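Please walk me through how this chain packs. I am new to it, so keep the answers short.

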Amino acid sequence: MTNVINSDAAGIDVSAKEHYVAVPEDRDTESIRCFKSFTRDLHLMAEWLLKCKIKTIAMESTGVYWYHLYTVLLDYGFEVSLVNAYHVKNVPGRKSDVSDARWLQRLHSFGLLSPCFQPDNLTRELRNSTRQRKSIIEDMSIQTQRMQKALELMNIKLNNVIRDINGKTGHKIVSAILAGETNAEVLASYADYRIKATKEELIKSLEGNWRKEQLFNLKQAYDHINFLQQQLKECDNQTEQILDQFSRLTKDVKPLPKGVKSKNSPGFNAKQYLYDIIGVDVTKIYGLQETNALTIFSETGINLAEKFPTEKQFLSWLNVVPDNKITGAKVISSKVRKKKNKAGQAFRDSANTLWRANNPWGDYLRIKKAKSGSRQAVVATAKKIASVYYKMVVEKVDFDDEKIRNNRNEYFSKKLNYLQKMMEKTQLQLAEYQ
């Protein structure tokens, strides 16, 4: 019989309206109770668990319904393990909320459940602001598409002659159009000197059919973008304040030079903040720009080694390694599991920037694509970036570009020697048949 490890364990099946709580059968005459999801009922649940002398609790990570319950139970001093619903889905017998709660309690009492990664409160604040920032940028992209559609339906081909409709030139021209200006020559005069298109091309692109309904749509999208840009500035200010709290926890370090800012880069020097907090410049890693580096830090936190003692655990959590299923000493399945992980996606986005890069990982990405396809190539390259990131953050070592290039040169030398040997062997075989 399996030994009981957590004798004072409880299990909670979480839902939107009510939570079912199971405790050991000898703790109360009614060992499974149902509590509503209102705040008052959550406190009643915690008091009942204290009465039953419960010390540790397992609960499923169902949507966002677990969050407030999780924080309430922590305030009462319980050890709360948030577990992946995928690991406990095989409930024996007929499935119900009552059986789910009892099954969670039994598994947790035998020590068969592993808690999910949960950040500290400061990291959670940073995570919220960075996720909000990404959501705002996605909304801005949608409104930009609506502006482009409105212009296209009026046959205004501005998008064909300028790269960014939200840039300096595009902003001035759209503002003038909404102010009532329809003369193509006047609108073309607002172009910045850096625009590569000729004045004649600009004038031709601004000749169209000015329809009232499309001008209305254009104004709606334009005003929405201006609002979102203000929201983005406020979000950047909030993020900078949280990062400043992190940097106070670390020692003063040398200042870094400001990098080249991209279109959607933060409005502050995120690269310097990350260096102050982590102690190494992770943006030196191939493909890892400051926006993705900030996202990864907000998702993983400052104490990476405590949350993930080994590199394998970190890579598995990021979902950049295959989930191997082995039976009879044979691998029957080896696929990367389909699950959402924002830090893992940030590493994938970094790998995606290397398609035309002139560095060892750019070469690796292109070679891997030829063998296995684009998706597998991106995941494999993301794994390399994540491995180096983990080593740099945990061991506080700088990015060694020379070592990676030497390893790549050594690989190509070995491959060249192998091909030469194969060529000589093939030539000998050919000579025997002649």
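Q: Which elements do the buried residues of H2 pack against?
A: This is a predicted model, where local features need pLDDT of at least 70, side-chain atom pairs count only at pLDDT 80 or more, and totals for chains, interfaces and linings use all residues. Residues are numbered from 1 along each chain as its sequence is written, and side-chain values use heavy atoms, with hydrogens and water left out. Helices (H or I, at least four residues) and strands (E, at least two) are DSSP runs, numbered from the N terminus. With contact meaning heavy atoms within 4.5 Å, the partners are strands S1 (9-13), S2 (18-22), S4 (56-60) and S5 (79-83), and helices H1 (39-51) and H4 (121-153).

Q: Why are the buried residues of H2 on the same side of the helix?
A: Buried means under 20% relative accessible area, exposed over 50%, partly exposed in between (1.4 Å probe, protein chains only). In H2 (residues 66-75), the buried residues are Trp-66, Leu-69, Tyr-70, Val-72 and Leu-73. They share one side because their arc, taken from the directions from the helix axis to the C-beta atoms, is only 165°.

Q: Which residue just after H2 takes a positive phi?
A: The phi is about 90°. The residue is Gly-77.

Q: Which helix gives the most to the largest nonpolar core?
A: A nonpolar core is a set of buried Ala, Val, Leu, Ile, Met, Phe, Trp, Tyr and Cys residues joined through side-chain atoms within 4.5 Å. The largest has 51 residues, and Phe-314, Phe-347 and Tyr-389 are among those that touch the most other members. Several helices each supply at least two residues, including H4, H15 and H16 (374-395). The top contributor, with 11 residues, is H16.

Q: Which residues does Ser-387 contact, leaving aside its neighbours within four places in sequence?
A: Ser-387 lies in helix H16. Ser-387 is buried, with a relative accessible area of 16%. Its contacts are Glu-311 and Leu-315.

Q: At what angle do H15 and H17 pack?
A: H15 spans residues 360-372 and H17 spans 401-433, with their axes 10 Å apart. Axes are lines fitted to C-alpha atoms, for helices over the stretch in contact, and angles run from 0 to 180 degrees between N-to-C directions. Trp-361 and Tyr-364 of H15 and Tyr-411 and Phe-412 of H17 are among the residues making the contact. The angle is about 40°.
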